[in-house]
Amino acid sequence: MGGVVVDEGPGGVKAPDGGWGWAVLSGCFVITGFSYAFPKAVSVFFKELIREFDVGYSDTAWISSILLAMLYGTGPLCSVLVNRYGCRPVMMVGGLFASLGMILSSFSTSIIHIYLSTGVITGLGLALNFQPSLIMLNRYFSEKRPLANGLAAAGSPVALCCLSPLGQLLQYQYGWRGGFLILGGLLLNCCACAALMRPLVAPPKPPQREDVEKEGKELEVEKTQSKPKPLLDFSVFKDRGFLIYTIAASIMVLGLFVPPVFVVSYAKELGNEDTKSALLLSILGFIDIFARPTCGIIAGLKWVRPRVVYLFSFAMIFNGCTDLVGSQAKDYPSLVVFCVFFGISYGMVGALQFEVLMAIVGTEKFSSAIGLVLLMEAIAVLVGPPGAGRLLDATKNYMYVFLLAGIEVVLAAVVLATCNFLFIRKKLSEPAAELENGTVSAEMELLNKPVPAEEEEEEEVEKGEKEVKEMKEKEVKEMKEEKEKEEVKEMKEKEEVKEMKEKEEVKEMKEKEEVKEMKEEAFEKAKEDEEDSEKKKEEIRPESVMVVSEEVERFLKEPEEQNGALLSSSETRL
């Protein structure tokens, strides 16, 4: 079947509806193919396993049943792991588990070993790939989700067309042990698909002051008021639509997988060759390839999408009636016609199953809802194919097996359509992609109210509109109050900045005055020093002048004295 949708992704991130989403879609296509085609493709080896281990049809049917049970029953575990560690790491580990289980089963010496290796280990690995891939696909698609659902779900018939002939060829060439070993290596491609599941993050925005303050407030509020979100949200059981869907899906699974599991053995029982019998699965898968995308396109139409639940019910009725008519097939051409119509109806169911669940619970709760739904369906999966196998062992007639499967699927369609009509109020507005965003809670509360009498219905509609209006007014009022608080805070910040500037200006003025005073003091001090030096010069100058004058007088007197002495000597001589 296959479908799409999301764990708790980054809040406020809009689904791109394209871009890298197409790479995610391709990975989901492969994962869906492996997850749903393997339980059917393994049925090609049932005849050899019956001969090898001397067991009955019901014993070999347990292999496919356990595979599907693990795929469904580990849903809550997958939800917890995805919400805790993210999609990509969980899918990487799942790919390794899926491959390991098939490799170990090639060394099995009893049917119990195959139950544990192929059924449990490979089933767990496929489950750890399947559910996260749906979650990632829904994160990348919103308006185009029905189309993405159909394209991803088409991976199942494509893989079935390839794996069934491949399994038959491997059985002839290498035996069932060699075939299991090669299929185990093929499952390592799940790890490559996991690498494509890039987490979707919000585009970076230029940082603004208001945004930073707002984010700070939100973080403070979350730390003080918010409670940690549980890894598995059981509040979905309060949703009446979810309960109806879960019951109907569980009944549907009882018979949905029975015909693909037994149609090959049915053809062999009628005397057809093994290769010719295995071709029936390829025909079924080939028709299914085109049915799923086509149904996804139809489900995305504006008029059809609000009524997708009823389209899903029609698909189940179509599938169940095909089983009822196919039970009367007596030759190979009849089985071919059966596979054609079963492929169409089976493709419709596969394309719509998780689209309906997404429309009921919304994006936020889908990661928990899908895990809980798969857990409930696991019980039916464990009963369906093995119960049909026991019926076949008891009656030795495939007609009763196909009749039982058809009745179960038709019953599921009746339950879903009737309960939805009686207990779920019809939503008047077009859902479109608004369910992907923040309007889910109020709208789903109105959607899930019980239908009152005609006189009270209008009152409840008015009451609901009034509640929505009051909620909007309250939100507007809160936004105004927050805006006023932000304005007051901005005013206070501006005043604080102004006071800081004034303080800085006063400080600068004081510093300038101090510098000026220091300069004046330095100037006065320099002036005083200059005056002191001049005074000292004046005090030293008279003494030096007197000394010089005495020396000059002395110098002048010496020649006169010498001349006088010469004259006196000359006179004495005379």
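**Exercise 1. Work out how helix 14 and helix 15 are oriented relative to each other in this predicted model.**

Step 1: start with the geometry. Helix 14 covers residues 308-326 and helix 15 covers residues 332-361; their axes come within 8 Å and cross at roughly 150 degrees.

Step 2: apply the cut-off. Angles over 145 degrees count as roughly antiparallel, so helix 14 and helix 15 are roughly antiparallel to each other.

Step 3: add the hand. The crossing of helix 14 and helix 15 is left-handed.

Step 4: look at who does the touching. On the helix 14 side, the contact residues include Val 308, Phe 312, Phe 318 and Asp 323. On the helix 15 side, they include Phe 338, Tyr 346, Leu 352 and Glu 355. Sorted by class, this contact has 17 nonpolar, five polar and two charged residues.

**Exercise 2. Now do the same for helix 1 and helix 7: which term describes their packing angle?**

Step 1: get the numbers. Helix 1 (residues 21-41) and helix 7 (residues 145-153) pack at about 45 degrees, and their axes are 7 Å apart.

Step 2: check the bins. Under 35 degrees would be roughly parallel, and 65 to 115 would be roughly perpendicular. The angle of about 45 degrees therefore makes helix 1 oblique to helix 7.

Step 3: list the residues. Helix 1 brings Leu 25, Cys 28, Phe 29 and Thr 32, while helix 7 brings Ala 148, Leu 151, Ala 152 and Ala 153. That gives seven nonpolar residues, one polar and no charged ones.

**Exercise 3. Find the salt bridge of Arg 51 and say how far along the helix its partner sits.**

Step 1: pick out the partner. The structure holds five salt bridges, and in one of them the side chain of Arg 51 meets that of Glu 48, at 3.4 Å from N to O.

Step 2: place the pair. Arg 51 and Glu 48 are three residues apart in helix 2 (residues 46-53), so about one helical turn separates them.

**Exercise 4. Decide where to trust the chain, going by pLDDT.**

Step 1: take the overall view. The chain has a mean pLDDT of 78, and 79% of its residues reach 70 or more.

Step 2: find the extremes. Confidence is highest in helix 5 (residues 87-105), at a mean of 92, and lowest in helix 18 (residues 440-447), at 41.

Step 3: go through two stretches under 50. Residues 1-10 stay under 50, yet the model gives them 62 contacts beyond four places in sequence. Residues 221-226 are also below 50, with one contact beyond near neighbours in sequence.

Terms used: Residues numbered from 1 in each chain as written. Predicted model: local features only at pLDDT ≥ 70, side-chain atom pairs only at ≥ 80, totals over all residues. Heavy atoms only, no water. Axes fitted to C-alpha atoms, helices over the stretch in contact; angles between N-to-C directions. Helix = DSSP H or I, 4+ residues; strand = E, 2+ residues; numbered from the N terminus. Left-handed = near helix turned anticlockwise from the far one by under 90°. Contact = heavy atoms within 4.5 Å. Nonpolar A, V, L, I, M, F, W, Y, C, P; charged D, E, K, R; others polar. pLDDT = per-residue confidence, 0-100. Salt bridge = Lys/Arg side-chain N within 4 Å of Asp/Glu carboxyl O.
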